[in-house]
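Trainee: Got a minute to go through this model with me? I'd like to start with the strands and then move on to the charged pairs.

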Amino acid sequence: MKPDALFAEPKLAEIYDLLDSRPDRPDLAPYLAIADEFGAHSVIDLGCGTGKLACREASRGFEVVGIGPATASLSVTKRKAYGHLVRWITGTAAQLKGLQADLITMTGNVAQVFVTDEEWMTTLCACHVALRPDGRLVFEVRDPSKKAWKGWNREQSYQTNEAPGIGAVESWVELMNVELPLVSFRSTFVFRKDESVMTSESTLRFRTRSEIAETLFRTGFTVESVRDASDRPGLEFVFLAHR
């Protein structure tokens, strides 16, 4: 898991939450519900970004660890409400060693940033070891058959946001390359105050449902269920895997 500029560059990390078109983050609610459903007490959010889920979990009394590769993003998390209740760790799945939890989550695009088979299998193995007996791993991925990247263009993604202390920020996404299972795109940010421009390039891997199920089986997990994403019905798979 490597941080792209969107999370690693301090200036972009500061405005990341403002760029989400859904500030209430309805995609996080199912993760909280799953933690309740299975009576989890301790949660690890792997690839925690700017810490929205981890802080929400901490506010509800869970013992929470947030792990992310970008120091700039973690500096943002520590200033959030309930951020002081979370144990923040800079790093990747390698930092799971020595930790134990009832639930490990990977939200958003996290499960798709592992573009090589080695990265993905290493991550799954590390999660398996870090889970307590009867623990669960839950993550979401986009269904490749829905071709989400067709909407990754300036016309459909352009937005302007007002950032406190920074001013107006224009942003949009542009598709760079589709060579399945890999899809690359570029995010552009224009800071109107000084007209400075910053970009962030990312690549995601679109694995099929059967491919993911197979990798989970090979790393010792049992696929308990594959659910629909309540905020994007019909477009994503939410995997719930049992240790």
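**Strands and salt bridges**

Mentor: Start with one pairing: Q159 has S171 in β7 as its bridge partner. Keep in mind that this is a predicted model.

Trainee: Which way do β6 and β7 pair, and over how many bridges?

Mentor: Strand β6, residues 159-163, pairs with β7 in the antiparallel sense, over five bridges.

Trainee: And how many residues sit between β6 and β7?

Mentor: Three; the two strands form a hairpin. In its turn, G165 has a positive phi of about 80°.

Trainee: What about β7 and β8, how many bridges there?

Mentor: Ten bridges join β7 to β8, and the two run antiparallel. β7 and β8 also form a hairpin, with two residues between them.

Trainee: Which residue stands opposite L182 in β8?

Mentor: That is E179.

Trainee: OK, switching to charges. How many salt bridges are there?

Mentor: The count comes to twelve salt bridges. In general, side chains of opposite charge can pair when their charged atoms come close.

Trainee: Which residue does E170 form a salt bridge with?

Mentor: E170 pairs with R192, and the closest N and O atoms are 3.7 Å apart. The two lie in distant parts of the chain, 22 residues apart: E170 is in strand β7 (residues 167-179), and R192 is in the loop between β8 (182-191) and β9 (196-205).

Trainee: Is E170 buried or exposed?

Mentor: E170 counts as buried because its relative accessibility is 13%, and the cut-off for buried is under 20%. R192 counts as partly exposed, at 43% relative accessibility.

Trainee: What else does R192 meet in a salt bridge?

Mentor: The side chain of R192 also meets that of E195 in a salt bridge, at 3.7 Å from N to O.

Trainee: Which salt bridges join into a network?

Mentor: D117, R205 and E211 are joined into one network by salt bridges that share partners.

Trainee: Back to the strands for a second. Which side chain does R186 meet in a salt bridge?

Mentor: R186 meets E201, with 3.2 Å from N to O. This pair links distant parts of the chain as well: E201 is in strand β9 and R186 in strand β8, 15 residues apart.

Trainee: How accessible is E201, and how accessible is R186?

Mentor: E201 is at 46% relative accessibility, so it counts as partly exposed. R186 is partly exposed too, with a relative accessible area of 27%.

Conventions: Residues are numbered from 1 along each chain as its sequence is written. This is a predicted model: local features need pLDDT of at least 70, side-chain atom pairs count only at pLDDT 80 or more; totals for chains, interfaces and linings use all residues. Side-chain values use heavy atoms; hydrogens and water are left out. A salt bridge is a side-chain nitrogen of Lys or Arg within 4 Å of a carboxyl oxygen of Asp or Glu. Helices (H or I, at least four residues) and strands (E, at least two) are DSSP runs, numbered from the N terminus. Buried means under 20% relative accessible area, exposed over 50%, partly exposed in between (1.4 Å probe, protein chains only). Two strands pair if DSSP finds at least two bridges between them.
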